[in-house]
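The following questions and answers ask how certain descriptions of a structure are reached.

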Amino acid sequence: MGEPLLTTQKLSNHFGKVCTALDLDLSFERGVLTSIIGPNGAGKSTLINLLTGHLPVQAGKIRFQGRDITRLPIHKRVRMGICRSFQIVNVFPELTVAQNVMIPVLARAGRSWRPIRSLSRETALMQETEAILEKVALLPERDTPATALSHGDLRLLEVGVALAAAPTLLFLDEPTAGMNPVERVRLLDNIRQIAREGRTTFVVVEHDMDVVFSLSERIIVLHRGEILCDGTPGQVRADAKVREVYLGDDVSDLFRYREE
Amino acid sequence: MQSYVHVILAGLSSGMFIWLVASGLTLIFGVLGVLNFAHGSFYMLGAYCSFTVLKYLGAGYWAGLLLGPLAVCAAGFVVERFFLRHVYRIALPYQLLLTFAFVLIFDNLVKIVWGGGALSPPSLSFLGGSVPILGRNFPVYNLFIIAVGPAVALLLWALLEKTWYGRIIRAASSDREMAASLGVRVPALFTGVFVFGTWLGALGGGLSVPYVGLLTPGMGETIIIEAFIVAVIGGLGSLKGAFVGALVIGVLSAFGTRFFPAFDMALTFILMGGVLLWRPQGLFGATR
Amino acid sequence: MKAQTRNAVAAAVVLLALCAVPFLSGKFAIYLTMRIMLLGIFAVGYNLLLGQTGLLSFGHGAFYAAGAYGLGLFGVHVSTHPLLGVAAGVAAAVLLALLVGTLCVRHTEIYFAMLTLACGMMAFSFFWNAREITGGDDGLIGIVRAPVSLFGGIRMPIGKDEQFYFFVLFFFALSVWVAHRIRHSPFGLALAGIRENARRSEFAGVPVRRYRLAVFVLSGAFAGLAGSLEALLESNARPFMAHWTHSAEPILVSLLGGLSSLAGPLVGSAIFVAMREIIQRFTENWMLGFGVVLLVIIMGFRGGVVGTLSALFRKATAPGEG
């Protein structure tokens, strides 16, 4: 596989007395679809916030493709190829679906600064926008304002906007939250297909065990800011510590997939 | 030495007026999240209403101080209950411009009702006169004001920290939905806080009548800018910050007027710029 | 494409009407139309900041004043050539906007509004106090309207209002055209993204702070242009131009006309100036009426005049649905 895409060294973070990340040493390989799971408060969102630049790093280092990005501002990390989607839909409300996706497309092409050129002349970039809309199955809605979309379509748009920045490494924060089963299947199929194309590596934070076990090649289990287990779905299922932490309903979910 | 002490005292008394206006502004912002441009107008209305009670109803100074601000509370009630309440969830520019619309309305109403010229109130008998401090006379009324400021601060602190009502206000201001789901009637609470804040501003206006000696329709505009600066320097939403800020601005302005008259106006703005550059959230403000 | 052609036709009609004004009306109407155009330039540039990017600045009067004093001082000390004077005024405004913007743009919402207010008032205080340079509260006098001399020996006199009118009209049309292009450019879309969701814009790779500064300076340039034109029109520059009550004018006017369209600030300017002139004849307290109008708009018609009218128009022409 060659050099890992992203590595962290002793990454730590705490809010007051609460430790949300403790000396995390992680590495993410290109093309390996990874899921991050863990009970509430385990530090999953904090980890994504730290890696994408949403939260400033208190201690430790982050390296992307060999380069130290620990202090890099968000938009520079995006330009380098790290992007994320949000747990709560975080799009551009009054703009149309096409406009939503076009903003990152323009930014990545380095064209968003042009003040006089007409948008309609950027045909190549418009085609790219439409290609992305097609990938997330939102092309028919291209001229609908985001506020008029259904919840499921909004979540698709959410992923679409993140994809539009053509990231090498894309963090999805609970992408299927609130979706009905049909929508969920559709989104997962889209993710699988895009991952197969090879240009984007996905790291997905999820609560839903269906999604996690059907999608991932690698699972990281977080607990109280520390890595409890890190391996293939089979390894995670068999791990005693994981079973201990997930006492209760989730354990039976984990065991259900033994029959896969 | 004597002039320094007098300048400080003058600064303290003018600072206390700014504190009175800023306290209402800060309270309203801290609880309701709204920056009320019209607060200066309530100050002005407080002064004019107290003046009217004094002059036309022939009642004494204390009656004016009591009744004037209460009349203004009615205006505050109308503004919140029928207008402001409907724009809480809308973008900031609209809220600011709504209160600004009321500035235009109130300022012009005052001109219509009381005339556009300056009014001079009758002189005070009770707290009038001056006392010698370090060899120079200083008005008794100003000393009274210097005492009223901290008294109001103490009152507010006691209200918010020590009473059950104050606890509910603090809860509602930090989490509106949570308080509502716990049974607090948030809309009524907000109206109450707004009216109380209005009363504080109007009280400042009423107290200013003997101090400024002259009432003009523009008096609201000048004090609201100073109150804003004080509130921002202290940290929007922090009463402690507003009090400290008012003291600092009052004293510094007094020094400015006395020793550097050319920079007078700019001094307060430069100070605000300086504070915000160093601490973007103000001295005691919350880091967002 | 229907909407685009319709807008182009409307713009052409308005332009023609504006060209016709000096030939069809008296001195007062000419003067009034020029004042509308000046406020229009100020407001249309300001709306790039407010309506397009979502930033509320209370200090843009400072850049207006910088434009006026810039042209005035240039004219008194260097050269009275109007075009150079306008360039000097705009340059002064741009420099000041760069300085103020760099200071203020790192803050958001209320603190941004308050800081810009403070900067505006500091500028006001400077113009008021620096008597030797600016003339203090008497304003800067001695500004003349020298003829515009271009290459090829062409000299166009602008001393008379009817002549100066076309000078103003030229810059007005230019400003509106530039604002229009910006709104429909990739930069304009990025600005709209910043307005709708600044955080997400960061995550889309848009350098938010840099773009905010850019549009701040751009709107300052428009303000400076309007200011320098007013200095030529009125033959003076006054400190009041930097006062926050003057800074409030483009805000009120854009809101009145509608924040989300190009025409909004222009329509608002026309209504505002016309209202002020007409009502001022009857009463001194015309601002009271304006306050009430503002109240009505915020409470129910946030789209402003243009927004409300286009919504009504859309409903009327909608294909018979419920």
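Q: How are α1(B) and α5(B) said to cross, left-handed or right-handed?
A: In this predicted model, α1(B) passes α5(B) in a left-handed crossing. A crossing bears that name because the near helix is turned anticlockwise from the far one by less than a right angle. The angle at which helix α1 (residues 2-32) of chain B and helix α5 (residues 140-162) of chain B pack is about 35°, and their axes are 8 Å apart.

Q: What makes the contact of α1(B) with α5(B), and how do its residues divide by class?
A: Helix α1(B) contributes Leu9(B), Leu12(B), Ser13(B), Met16(B), Trp19(B), Leu20(B) and Ser23(B). Among the residues from α5(B) are Ile145(B), Ile146(B) and Val152(B). The division is 10 nonpolar, 4 polar and no charged.

Q: How do you know what span is expected of α7(C)?
A: The expected span is 1.5 Å times one less than the number of residues. Helix α7(C) has 23 residues, for which 33 Å is expected, and the distance from its first C-alpha to its last is 32 Å, close to that value.

Q: Why are Phe164(C) and Arg183(C) of α7(C) called buried?
A: Both are buried because each has 20 or more other C-beta atoms within 10 Å of its own. The buried residues of α7(C) pack against elements of chain C including α1 (2-24), α2 (27-52) and α10 (208-234).

Q: What makes up the side of chain C that touches chain A?
A: Helices α7 (161-183), α8 (186-196) and α9 (198-203) of chain C each supply at least two residues. Helix α8(C) gives the most, with 7 residues.

Methods
Residues are numbered from 1 along each chain as its sequence is written. Chains are lettered from A and ligands numbered from 1 in the order in which they are written. This is a predicted model: local features need pLDDT of at least 70, side-chain atom pairs count only at pLDDT 80 or more; totals for chains, interfaces and linings use all residues. Helices (H or I, at least four residues) and strands (E, at least two) are DSSP runs, numbered from the N terminus. Axes are lines fitted to C-alpha atoms, for helices over the stretch in contact, and angles run from 0 to 180 degrees between N-to-C directions. Two residues are in contact if their C-beta atoms, placed from the backbone, lie within 7 Å. Ala, Val, Leu, Ile, Met, Phe, Trp, Tyr, Cys and Pro count as nonpolar, Asp, Glu, Lys and Arg as charged, and the others, Gly among them, as polar. A residue is buried if 20 or more other C-beta atoms lie within 10 Å of its own, exposed if 12 or fewer, and partly exposed in between; C-beta atoms are placed from the backbone.
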